[in-house]
Amino acid sequence: MGDERLRSAARPEGEEGLQYHLRVKRGDVARYVLLPGDPERTDLIARLWDEARLVAHHREYRTWTGRYKGVPISVTSTGIGSPSTAIAVEELLRVGAETFIRVGTMGGIRDDLRPGTLVIGSAAVRMEGTSGQYAPPGFPAAASYDVVAALVEAAETLGVRYKVGIVASTDSFYLGQGRPGFRGYMTPAASDVIPQLRSAGALGFEMEASALFTLSQLYGARAGCVCAVVANRVSGEFVVNAGVEDAARVASEAVAILARWDRERERRGKKWFYPGLACRRT
Ligand SMILES: O=P(O)(O)O[C@H]1O[C@H](CO)[C@@H](O)[C@H]1O
Ligand SMILES: O=c1cc[nH]c(=O)[nH]1
């Protein structure tokens, strides 16, 4: 994109609709897009597919597009946090993405969430500021039920340990998730956040799902997330990358399952997925 003059400040796109941050244009990405936070994880994910090509890499946004089990699929890293995730979702939607699955890591706050377990998010607590710049306070950051179902089916098919439930998306990794800051700096709110969310039954913390779910609901896109529990805030364990490859496999498999359901739904002229649609082969 170099130092070119863009069409307008309100809609910063380059030639052929090249998106300002992601540097992708129509034709570069598939309808189904996986969204890890870590750019390096896009390479791990792309290696699981039948074919993949690196499409773009600018700032924290690294994008591969390929095919998995015959289904066109893409992966774009979002970077850490909801602000950069919202930019990724906005720009991916503009170039034809329709379904998003976050492939993340998270910190569990329940005794039974050992490192390596996967969490499939059904909804997210909006503890970040980005979604508040899009929707009113009570608006639900809810995953799409068919994406959740496809992730559960994928986890069962792959025989991995998983739980389904609510994740809490924070703006800060330290204080926001009840960790002491530099020199042990703490606040009453930070001391209270883990007990409060444990009482509410949330499964743990990460930093992007609620922005992804809020924007997807607003824009009529579909979204889900599968996060590898790398830390347990009750036991104090932290196992770097525990379950990340499982999460990547489950998300890729879920796209193949969802694509199959989508084809069957379209064949029958149905707008909404229902379990029976996936069973009978009439
Ligand atoms: O591993 P990723 O996908 O980045 O997800 C988690 O890891 C980061 C914090 O370590 C945050 O982005 C959090 O959401
Ligand atoms: O504890 C954790 C681990 C990964 N990501 C988070 O946001 N928190």
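**Two ligands and their shells**

Mentor: Let's start with ligand 2: one of its nitrogen atoms is 2.8 Å from an N or O atom in the side chain of glutamine 177. Keep in mind that this is a predicted model.

Trainee: Okay, and what does arginine 179 do with ligand 2?

Mentor: A polar atom of the arginine 179 side chain lies 2.7 Å from an oxygen atom of ligand 2. Glycine 107 comes in through its backbone, with an N or O atom 3.5 Å from an oxygen atom of the ligand.

Trainee: How much of ligand 2 does the protein cover?

Mentor: On its own, ligand 2 has 240 Å² of accessible area, and the protein covers 93% of that.

Trainee: Where does ligand 2 sit?

Mentor: In the largest pocket. Strands S5, S9 (204–206) and S10 (222–232) are the elements that each give two or more residues to its shell. S5 has the largest share, with 3 residues.

Trainee: What's the mix of residue classes around ligand 2?

Mentor: That shell divides into 6 nonpolar, 3 polar and 2 charged residues. Among the residues around ligand 2 are Phe173, Phe205, Val230 and Ala231.

Trainee: Switching to ligand 1. Which pocket does ligand 1 take up?

Mentor: The space ligand 1 takes is the largest pocket. Ligand 2 sits in the largest pocket too.

Trainee: Which residues are around ligand 1, then?

Mentor: The list includes Gly37, Arg41, Ile80, Arg102 and Glu208. Thr105, Phe173, Glu206 and Met207 are around ligand 1, and those four also turn up around ligand 2.

Trainee: And the classes for the ligand 1 shell: how many nonpolar, polar and charged?

Mentor: There are 4 nonpolar, 3 polar and 4 charged residues. Strand S5, residues 99–108, gives the most to that shell, with 4 residues.

Trainee: What are the polar atoms of Arg41 and Arg102 up to there?

Mentor: Arginine 41 has a polar side-chain atom 2.7 Å from an oxygen atom of ligand 1. For arginine 102, a side-chain N or O atom is 2.9 Å from an oxygen atom of the ligand. Methionine 207 takes part through a polar backbone atom, 2.9 Å from a ligand 1 oxygen.

Trainee: How much of ligand 1 gets buried?

Mentor: Taken alone, ligand 1 exposes 350 Å², and the protein buries 85% of that.

Trainee: Last thing: what does UniProt list for residues 31–257?

Mentor: An unreviewed UniProt entry lists that stretch as "domain: Nucleoside phosphorylase". Over residues 31–257 the chain is 32% helix and 31% strand, and the end C-alpha atoms are 14 Å apart.

Key:
Residues are numbered from 1 along each chain as its sequence is written. Chains are lettered from A and ligands numbered from 1 in the order in which they are written. This is a predicted model: local features need pLDDT of at least 70, side-chain atom pairs count only at pLDDT 80 or more; totals for chains, interfaces and linings use all residues. Side-chain values use heavy atoms; hydrogens and water are left out. A residue is near a molecule or strand if one of its heavy atoms lies within 4 Å of it. A polar contact is a pair of N or O atoms within 3.5 Å; within protein, one must be able to donate a hydrogen and the other to accept it, and residues adjacent in sequence count only if both atoms are side-chain atoms. Accessible areas come from the Shrake-Rupley method with a 1.4 Å probe; for residues, only the protein chains shown count as cover. On a 1 Å grid over the protein atoms alone, a cavity is a set of points where a 1.4 Å probe fits but cannot get out, and a pocket is an open set with protein on both sides within 12 Å along at least five of seven lines; lining residues have an atom within 4 Å of a point. A molecule sits in a cavity or pocket if more than half of its atoms lie within 2 Å of its grid points. Ala, Val, Leu, Ile, Met, Phe, Trp, Tyr, Cys and Pro count as nonpolar, Asp, Glu, Lys and Arg as charged, and the others, Gly among them, as polar. UniProt positions are given in the numbering used here, feature names are shortened, and annotations may be inferred rather than shown by experiment.
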